[in-house]
Amino acid sequence: MIPVHGELWTTKELFVLPNEYIYWAVQIVMYPFMTGVVAGAFVLSSLYHVFGIKQLKEIARFALVFSFALLPAAPLPLLLHLQQPFRGINVLMTPHFTSAIAAFGVVYLGYSCIVASELWFVYRKHFVDEVTAIRRKPERSGADRLRLLVFSVLTLGAYDTSPAAIEADHRAVKLLAGAGIPVACFLHGYAGFIFGSVKANALWMTPLMPVIFIMSAIVSGIALCILSYVVIMELRKLHVRHKRQASRYGAPTPEEIKGVETNVVKMTTKYLVIFMVLAITLELLDIIFRGYTAVKSWDIIREVIYGRDFTNIFVLQYAIGNLLPFTLLLIPGLTIRRTVIATMLVLFGVFMMRWNVVIGGQSFSLTLSGFMEYHLPIIPDSLETFKEGLFGALTVAVAPFFIFYVLNKFFPVFYEEEAK
Amino acid sequence: MERRDFLKKAIIAIAGVSVPIASLEFIDPKKLFAARPELHWVFLVDCNKCVGCGFCVKACKLENGIPFDADVTRTWVERYVLTKDNKVYADSPKGARNGFTSQKIDQEAAGMKDIKPGDIDKAFFVPKLCNQCDNPPCVQVCPVGATYKTADGVVLIDRKWCIGCGYCIMGCPYGVRFFHPVYKVADKCNFCYHRITKGLKTACVDACPFGARKIGNIKDPNDPVTKVIMTERVGVLKDEFGTKPQAFYIGLSKEVR
């Protein structure tokens, strides 16, 4: 018998229509999660570039490079989800603009251009410095020649590093970061719109959905930035301890790094808490409003929220993913270790929120008198169970870190500090 | 010529040219070639006549190449059983491909529900198919325009262009869409477009032994289906979604979802 898409991981209960399955599975959970992290990381970097919040300077450049590394991870889950992945390009070639997904092409490409050009303006001086440094060398190795080629291309022929030119770069960065904030919010707001505009789905359809998605996006973006920042700083401390003598520039001591790290992390967590409060307020407003207005679909939605998905929503998402890290971040005397635990819980909470929206929204039938249960495929026994299973989701989750590793070779996140 | 003069003259020239251009009407090829002012397909289901034999489902699957054993179907029949204690039970085992051969209600994971005949208040069957909505949410949400509404009122899918994102499946309030297990693209009932455009009836209409299913042209006042819709009391499914369904039902009960 030929399996139907969705049949492998769906169990039906009571009265469910014959064609109903959980068609949007774990990759569609990953999709808003990853785009959310991209948008959030960019907003964090813009807080410094546009609003001049000096305390965030250290994490701002990191957040920018990181959001660039995360960019390819946004469409990746979509491609893994598509039944016809080779036709995915049609979304860009023949967009049908009444569809929220068709906006993806425009918004995503526009946003990518903004991030890429902002990155270029931030790093232009660095490219020029690298090129001049290699050119000065009397003898060049093969690796040097390759680096020279790459960095020469990256400069795009703009070698002017006079103070006036650098000043112009800074102005361009500010402008692009400013333009990027609404675009980043739009990028994620439209991801919320994809769900909020589905009138057939009683759980998804609310105008609050895009706003809720933007807020939780910023929360997850900031949390992942803090977490990765701490991990990288810890690695650098280890690295510096080993290679202090061999360093080219006379690197900072481990103590110096720790001082900077603690300061940056403390400042950034304040913004994390602010956005967490906004996100939770909106989410609770949504649930309260649904209960109060109690339209036709409320009977089944109540059963899903307070019954079948109670653990997912109230225990995993709200208690462990929101309340616990919130408390951890607000107890005085914040330490790095406590922040790491809290940000990991926050990320988990945002992931569970996406899960509860995407899977929760499909866990009841259009008949409003039947349920569907999702079983995440773990062991991949076919291409489909890999793509839309645990390992497919993990692929999407780790991809940005590999990209970041490569990007960091050309866009070093910490170069200025080491040069001093 | 001075730059100022040039600009002045250019503006005058543009203004002068645009007046005759504005009088031209751009020809929409869709209107020119596909407009069928005399034709708009509608469907009429008479729930009172349906006995749940499932011949329509079987005929549809065979006619439209939907794998016979796959648990998806372009049309299906639902059975509703209302008991004396005000409970509603409903099922559609395999879309009623083999009819309703058991008195027990298929509750999927919750097992088979046995209801004693004495406890039943009323029971009836409801055939379902694509409503070919006049305001189709599936067409609205398709990101590549692979699904579209024809001028004669049927919503079609381009199997060569569908990317398989499933947004249309999510957008349909009636659950008529699914992924075709072989072609891996969205699929749904199209009123047997290949048949009706050649003057035939749909496979399900031909297969129904009781005349519970009828297809007609709402633009033709002499069409028997049009006469029923215009003169009798008919209902549509889920009109609160604003989709303007084009499948009309006689004897629709409020329990039908």
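## Exercises on a predicted two-chain model

In this predicted model, 40 residues of chain A are in contact with 45 residues of chain B.

**Exercise 1.** Determine which elements give two or more residues to the side of chain A that touches chain B, and how the residues of that side divide by character.

*Solution.*
1. The elements that meet this condition are β1 (10–14) and α4 (90–93) of chain A.
2. β1(A) gives the most, with 4 residues.
3. By character, the residues of this side comprise 20 nonpolar, 14 polar and 6 charged.

**Exercise 2.** Describe the open sheet of 3 strands in chain B, and state which strands form its edges.

*Solution.*
1. The strand order is β11-β1-β12, and the pairing is mixed.
2. The edge strands are β11 and β12 (247–250) of chain B, since each pairs on one side only.
3. Neighbouring strands are turned by 25° against each other on average, direction ignored.
4. Strands of a sheet pair through backbone hydrogen bonds, either parallel or antiparallel.
5. Strand β1 (residues 41–46) of chain B pairs with β11(B) in the antiparallel sense, over 5 bridges.
6. Within this pair, V45(B) stands opposite R213(B), and W41(B) has N217(B) as its bridge partner.

**Exercise 3.** Explain why strand β11 of chain B is described as largely enclosed, and identify the helix that lies across this strand.

*Solution.*
1. A residue counts as buried if 20 or more other C-beta atoms lie within 10 Å of its own.
2. In β11(B), residues 213–217, 4 of the 5 residues are buried, so the strand is largely enclosed by the rest of the structure.
3. Helix α8 (residues 224–231) of chain B lies across β1, β11 and β12 of chain B.
4. This helix runs at about 95° to β11(B).

Notes. Residues are numbered from 1 along each chain as its sequence is written. Chains are lettered from A and ligands numbered from 1 in the order in which they are written. This is a predicted model: local features need pLDDT of at least 70, side-chain atom pairs count only at pLDDT 80 or more; totals for chains, interfaces and linings use all residues. Two residues are in contact if their C-beta atoms, placed from the backbone, lie within 7 Å. Ala, Val, Leu, Ile, Met, Phe, Trp, Tyr, Cys and Pro count as nonpolar, Asp, Glu, Lys and Arg as charged, and the others, Gly among them, as polar. A residue is buried if 20 or more other C-beta atoms lie within 10 Å of its own, exposed if 12 or fewer, and partly exposed in between; C-beta atoms are placed from the backbone. Two strands pair if DSSP finds at least two bridges between them. Axes are lines fitted to C-alpha atoms, for helices over the stretch in contact, and angles run from 0 to 180 degrees between N-to-C directions.
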